[in-house]
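Student: I've got a model open and I'd like to know what sits behind the labels people put on it. Can we go through a few?

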Amino acid sequence: MKRLIQTVCVCVLFFICQPAQAEEKKDNRPNIIFILLDNVGKDWFRCYGSQENQTPNIDHLAYTGLRFRNCYVTPVCSTTRHMLLTGRYPFRSGWHTHHDPAIYGGGYFDWNREICFARILRDAGYSTCISGKWQINDLFDPAQKDAIREHGFEEYCLFPEGKKGHPAHKQRYWDPYVIQNGERLETKGKFGPDIFTDYLIDYMKTHRDKPFCAYYSAILTHIPVVHTPHNIGKGLTPREKFAGMLNYSDFLIGRLVKAMDELGIRDNTILFIVPDNGTDNGTDQNAEQSLGGRINGRISAEGIYSLKEQGINMPLIVNCPALVGSERISDDLIDIADVLPTLADLANAPLPRGVTIDGKSFAPQILNQPCKEPWRSWCLSQYYQQRVIRDERFKLYSTGEFYDLSEDPLEQHNLSQTDRLKTENTSLKSYAQLKSVLDSLPENAKLPWEFRSISARRIRAQEELLKKPGPSDKEQ
């Protein structure tokens, strides 16, 4: 009888323990930290040939991970962000011109119209958060106050931007206006980038036992140029301040990596770093001094708003010691629409049905696996009506300019009207292929917002100027 009771007890304990063991089964999908830097191009990154020395932590991540030589964004922040978040080209979504709803009103990033990568990962079981900058909804508008969660971010710590006259307007750096999960923080004496980095470190601490996706939409190095905690009180030129801002970005990324090491999640966390567009020359403050970084002994020209390579061809660094490996460089063409399907692929999450996704997953390249099909032969960028497309060597504008980037990276020699295009087979073949792709693309979708921004008004003014008849027209 005693043995029978013991046997029954053992069986009961066995069946009681079974569900607990099942619950303890760990989800080993990788964590994702995606860092989007603001308004700084290759001209400032030593790992991409810059002569500046402001990014030692980022350079180390590049040299010990995977870096892509060619990653296309758009030439201004909001169009890049929309393309990144949705995986869709600007002509497809209609978001092809700069727009900041918090400043200009008249429409916004609509969760009923577009699907954000955070929603895809959240629905696949990931914890999701965003820290830093959000400028494609007006979070002070009652109709948009829940936009962050509607887009799939379960938690957030943000500089929300506000209309002119609002306390949040441009208040991103010292004594910043910050809202965290719906509550405004007390920030007097604090530096905004520190707050957003501290938040992410705390987030990792509380979510390290479940796969998470953290989108760090950095506010550095957007103008105005300011002192950082590392150089406050020093008399610096605008360019020196800008260099200090990038160096502080690098310091904060170093803090994040150190925290990942200390939490024991480094080998299962894939870290992405990419800027949203090229370097801003800062002409609102210092027209006499460029903020460009030095490459080959010369200071780079302005990148923002330019469809030249310095405006749209950005660093893309991916690092995770156990999953990505080290010292790899890829010539594969990437554009920022590829991020959404890549993150979904890494998270083993299905893409939304009934939605055209223009991006293509580069998860195989990240994980050093063979691609199941040939990689993309072209990548694309766009601003308003002008589009640009490139293959590994050549670049074609929708306005007709054609460049050989292998020998003319500054795009100083337009080949479109030269004999070379008529007689040299390689150039002619690439031109024909790229033009065929451009010609096949649909027209711009209708703008999902009103044409109100400063850049939009400039475009409209230029169009009106072109419509005015010149002297010869009047004579006729």
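Tutor: Sure, and keep in mind that this is a predicted model. Start with helix α11: its buried residues pack against β1 (31-37), α3 (77-86), α6 (117-123), β8 (269-275), β12 (328-335) and α12 (363-366).

Student: Why is α11 called largely enclosed by the rest of the structure?

Tutor: Buried means under 20% relative accessible area. Seven of the eight residues of α11 (residues 339-346) are buried, so the label follows. Among them are Val339, Leu340, Pro341 and Leu346. Just after the helix, Asn348 has a positive phi of about 55°.

Student: How do you know that the charged end of Arg376 sits over the ring of Trp378?

Tutor: The cut-off asks for CZ of Arg within 6 Å of the ring centre, and within 35 degrees of the ring normal. Arg376 is listed as sitting over Trp378 at 5.9 Å from the centre, so the distance falls inside the limit.

Student: What makes β13 (379-383) an edge strand?

Tutor: The order of the open sheet is β13-β14-β15-β16, with antiparallel pairing. β13 pairs on one side only, and so does β16 (402-404). From one strand to the next, the twist averages 15°.

Student: And why do β13 and β14 count as paired?

Tutor: Pairing takes at least two bridges. Five bridges join β13 to β14 (residues 386-390), so they qualify. Gln382 stands opposite Arg387 in β14. Helix α14 (residues 425-440) packs on this sheet, touching β14, β15 (394-397) and β16.

Key: Residues numbered from 1 in each chain as written. Predicted model: local features only at pLDDT ≥ 70, side-chain atom pairs only at ≥ 80, totals over all residues. Heavy atoms only, no water. Buried < 20%, exposed > 50% of the residue type's maximum accessible area, 1.4 Å probe, protein only. Helix = DSSP H or I, 4+ residues; strand = E, 2+ residues; numbered from the N terminus. Contact = heavy atoms within 4.5 Å. Axes fitted to C-alpha atoms, helices over the stretch in contact; angles between N-to-C directions.
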